[in-house]
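Hi,

Here's the structure I promised to pass on. Have a look at it first, and my notes on what turned up are underneath.

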Amino acid sequence: MFAALSRLMHPLRLATVSPEELYLDLLKGCLNRSAFGGDLHMLQPAADTLIGRAYLPVQRLLHHFELRLVSRVSAERVAAGKYWPATAETMLSQARLDNIQESITAAIVEKIPGDLIETGVWRGGGTILMRAVLAAYGDTTRRVWVADSFKGLPRPDAAYAADASDQHWKYRELAVSLDEVRANFARYGLLDEQVRFLPGWFADTLPAAPIERLAVLRLDGDMYGSTMDALVPLYPKVSPGGFVIIDDYELAGCRQAVDEYRADHGIRDELVSVDHTAVFWRKR
Ligand SMILES: C[S@@+](CC[C@H](N)C(=O)[O-])C[C@H]1O[C@@H](n2cnc3c(N)ncnc32)[C@H](O)[C@@H]1O
């Protein structure tokens, strides 16, 4: 988005930007609200804390009157992607949105076969962008797989020691319904047959998903278990040259799952940093 804006300020350079890039820059700015100078941050402490318990009745009262307690977030913080926005369809940073676009564009240009998937979509913004890139470049063959419980993160599974103290399941704002995500796709005119939803826990849905090959595998499930439950059934389906994007590599559980999986499978493809948390590699 910032790239497109700076180009617009130099009209002579505008001619070098394609309509596809202009559309995708504008879309990214809409999805994370950076185009509107920022977003709002929902004030919602975890329910089992003292502040959370005290805030609950206040929150119920506010909800009754369709009110929310929010603070203003600047466009710079939006671009950094370090908060959970109140209205935006994605919490991804500018760099992570750019990385999705660049990966899919490279897959199209280099003819790397396969569909696109994000495991952990929240309000759907990352997958809306995936569908938009296909639309922008007229790719009618690849599908976008949208995998989520649509009810937030799971409680830690005793089988995964790394998740023992994970608290993500307590955050109600991480639970976004399938209807809401479908409506977000429709808002941008991008809900069609090329978009496939996989509702349920990854451990149940991903092993049986009718996915043949993947050009882009994007993992954004935060936890050790959610990362491993996606890597195990899906990594073997990634085409040579395909992209494996890890959103949460800064989180200890996710990082452990990725490092273990790579070590166990002898994967030495270079890990490339996207921003303070996301990394990706290309499968040889
Ligand atoms: C951080 S959010 C994803 C953010 C999103 N990619 C975006 O563009 O803003 C994590 C999502 O992963 C989902 N999730 C995490 N673990 C899961 C699991 N084991 N099964 C299904 N969904 C899971 C949650 O429901 C939540 O929507």
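**Around the ligand**

The shell around the ligand splits into 9 nonpolar, 8 polar and 4 charged residues (Ala, Val, Leu, Ile, Met, Phe, Trp, Tyr, Cys and Pro count as nonpolar, Asp, Glu, Lys and Arg as charged, and the others, Gly among them, as polar). That makes 21 residues surrounding it, each with a heavy atom within 4 Å, and the closest are Thr90, Met91, Asp148, Asp220 and Ser226.

Before going on, a word on the basis: this is a predicted model, where local features need pLDDT of at least 70 and side-chain atom pairs pLDDT 80 or more, while totals for chains, interfaces and linings use all residues. Residues are numbered from 1 along each chain as its sequence is written, and side-chain values use heavy atoms, without hydrogens and water.

Now the polar contacts (N or O atoms paired within 3.5 Å). The side chain of Asp148 puts an N or O atom 2.6 Å from a ligand oxygen. Asp220 has a polar side-chain atom 2.7 Å from a ligand nitrogen, and for Phe202 a polar backbone atom is 3.1 Å from a nitrogen of the ligand. On its own the ligand exposes 600 Å², and the protein buries 98% of that (Shrake-Rupley, 1.4 Å probe).

**Domains**

An automatic or database assignment gives domain 1 (40-80) and domain 2 (94-282). Their centres, taken over C-alpha atoms, are 27 Å apart. Domain 1 brings 9 residues to the contact and domain 2 also brings 9, counting heavy atoms within 4.5 Å.

Cheers

Definitions and conventions: Polar contact = N/O pair within 3.5 Å; in protein donor to acceptor, adjacent residues only side chain to side chain.
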